[in-house]
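Student: I would like to go through this structure by asking why each label is used. Could we begin with what the terms require and then turn to the values?

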Amino acid sequence: YLILEDAHLPQAASLCAQSRLLNNGQSCIAAKRFLLPRGLRKDFAELLMERMTAPRIGLPQEESTRLGPLAHRRILENTRRQLEQIQKEGSRRLWTKEMEARGGAFFPPQILLCQGTEPSLRSEEFFAPVALLIEYDELEQAIAMANATVYGLGGAVFSQDFERADEVARRLDCGFVAINDFVRSDPRLPFGGVKDSGFGRELGEWGVNEFINWKTVVRGAD
């Protein structure tokens with residue numbers, strides 16, 4: 001998710017937090033990496049912390065619960081391994097949501113500040129409520145970092161200049177880009193990724209055509 005210098009930060013932070021916490025961070029379309037201008041990092045991080053603090057952690061059967069446990073203990077262990085690895089590579093933890101001691105696969109939301117050069121950023125994704133912040137100085141640098149990954153399902157651009165946001169969106173190497181919103185599928189639109197995130201599209205007319213056997217009849221010259 002690429003935040004430009006003219007983005008409306010409160011709106012961007014709310015949408016980014018909502019996306020990062022989709023299905024407790026275990027959704028393929030959940031936001032994972034957040035690229036933002038160096039001068040906005042502190043303000044954006046504080047807003048993101050507020051929004052990621054608000055949802056109540058609890059048992060799935062409790063009506064007030066907004067974040068439950070991860071799907072399995074092995075996902076919890078893999079998340080811990082990923083955290084240890086990316087911090088060895090240079091990332092540092094900025095914030096962890098306070099959570100009462102629980103068993104099972106409960107995991108508290110966290111925010112990490114990354115340098116942007118960690119190998120893990122290119123080849124791994126967190127399927128847990130872990131937000132990775134990456135600072136940039138120039139837009140070209142940000143676009144290059146956004147595309148420097150083996151994945152390419154979805155991305156987003158936040159800016160109050162729609163024409164500029166549209167131009168940036170077209171340069172992101174992924175199958176779906178949202179502007180001032182988070183990625184979500186729509187049955188009216190084609191949906192799918194590029195690179196290691198897949199090939200082809202589902203949904204809409206394009207998705208239906210994936211299941212059609214077209215018949216070709218060619219007429220020769222008279």
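Tutor: Let us start with pairing: two strands are said to pair if DSSP finds at least two bridges between them. Please keep in mind that this is a predicted model.

Student: What makes β2 and strand β5 a pair?

Tutor: Between β2 and β5 (residues 130-136) there are 5 bridges, in the parallel sense, and because the requirement is at least two bridges, the two strands pair. Within this arrangement, Arg33 stands opposite Leu132 in β5.

Student: How do you know that strand β2 is largely enclosed by the rest of the structure?

Tutor: For strand β2, which covers residues 33-37, 5 of the 5 residues are buried, so the strand is largely enclosed. Across the chain of 222 residues, 45% count as buried.

Student: Why is Gln110 called buried?

Tutor: Gln110, whose place is in strand β4, has a relative accessibility of 4%, and because buried means under 20%, Gln110 meets the definition. Leaving aside neighbours within four places in sequence, Gln110 is in contact with Met52, Leu83, Arg93, Trp95, Thr96, Pro129, Val130 and Ala131.

Student: Which label fits Gly175, buried, exposed or partly exposed?

Tutor: The relative accessible area of Gly175 is 27%, and because partly exposed lies between the 20% and 50% limits, Gly175 is called partly exposed. Gly175 sits in the loop between α6 (162-169) and β7 (176-179), and beyond four places in sequence it touches Gly152, Leu153, Gly192, Gly193, Val194 and Arg201.

Student: What makes the contact between Arg41 and Glu135 a salt bridge?

Tutor: The closest N and O atoms of Arg41 and Glu135 are 3.1 Å apart, and because the limit is 4 Å between a side-chain nitrogen of Lys or Arg and a carboxyl oxygen of Asp or Glu, the pair qualifies. This salt bridge links distant parts of the chain, with Arg41 in helix α2 and Glu135 in strand β5, 94 residues apart. Glu135 is itself buried, with a relative accessible area of 13%, and Arg38, Arg41, Glu135 and Asp137 are linked in a network of salt bridges.

Student: How do you know that Glu84 and Lys88 are separated by about one helical turn?

Tutor: They are 4 residues apart in helix α3 (residues 73-88), which means a separation of about one helical turn. Their side chains meet in a salt bridge at 3.5 Å, N to O, which is within the 4 Å limit. Glu84 counts as partly exposed at 46% relative accessibility, whereas Lys88, at 62%, counts as exposed, because exposed means over 50%.

Student: Which residues touch the most other members of the largest nonpolar core?

Tutor: Of the 36 residues in that core, Tyr1, Ile3, Phe34, Phe44, Leu48, Leu133 and Phe158 touch the most other members. The largest share, 6 residues, comes from α1. A second, separate core of 29 residues includes Ile86, Leu112, Leu132 and Ala169. In soluble globular proteins, nonpolar side chains tend to be buried together.

Student: Why are Val208, Ile212 and Trp214 called a patch on the surface?

Tutor: Membership requires over 30% relative accessible area and no salt bridge, with nonpolar side chains joined within 5 Å. Val208, Ile212 and Trp214 form such a nonpolar patch, with about 340 Å² of accessible area together, and Val208 lies in helix α7 (residues 204-209).

Technical notes
Residues are numbered from 1 along each chain as its sequence is written. This is a predicted model: local features need pLDDT of at least 70, side-chain atom pairs count only at pLDDT 80 or more; totals for chains, interfaces and linings use all residues. Side-chain values use heavy atoms; hydrogens and water are left out. Helices (H or I, at least four residues) and strands (E, at least two) are DSSP runs, numbered from the N terminus. Buried means under 20% relative accessible area, exposed over 50%, partly exposed in between (1.4 Å probe, protein chains only). Contact means heavy atoms within 4.5 Å. Patches are made of residues with over 30% relative accessible area and no salt bridge: like charges are joined within 9 Å, nonpolar side chains (Val, Leu, Ile, Met, Phe, Trp, Tyr) within 5 Å. Accessible areas come from the Shrake-Rupley method with a 1.4 Å probe; for residues, only the protein chains shown count as cover. A nonpolar core is a set of buried Ala, Val, Leu, Ile, Met, Phe, Trp, Tyr and Cys residues joined through side-chain atoms within 4.5 Å.
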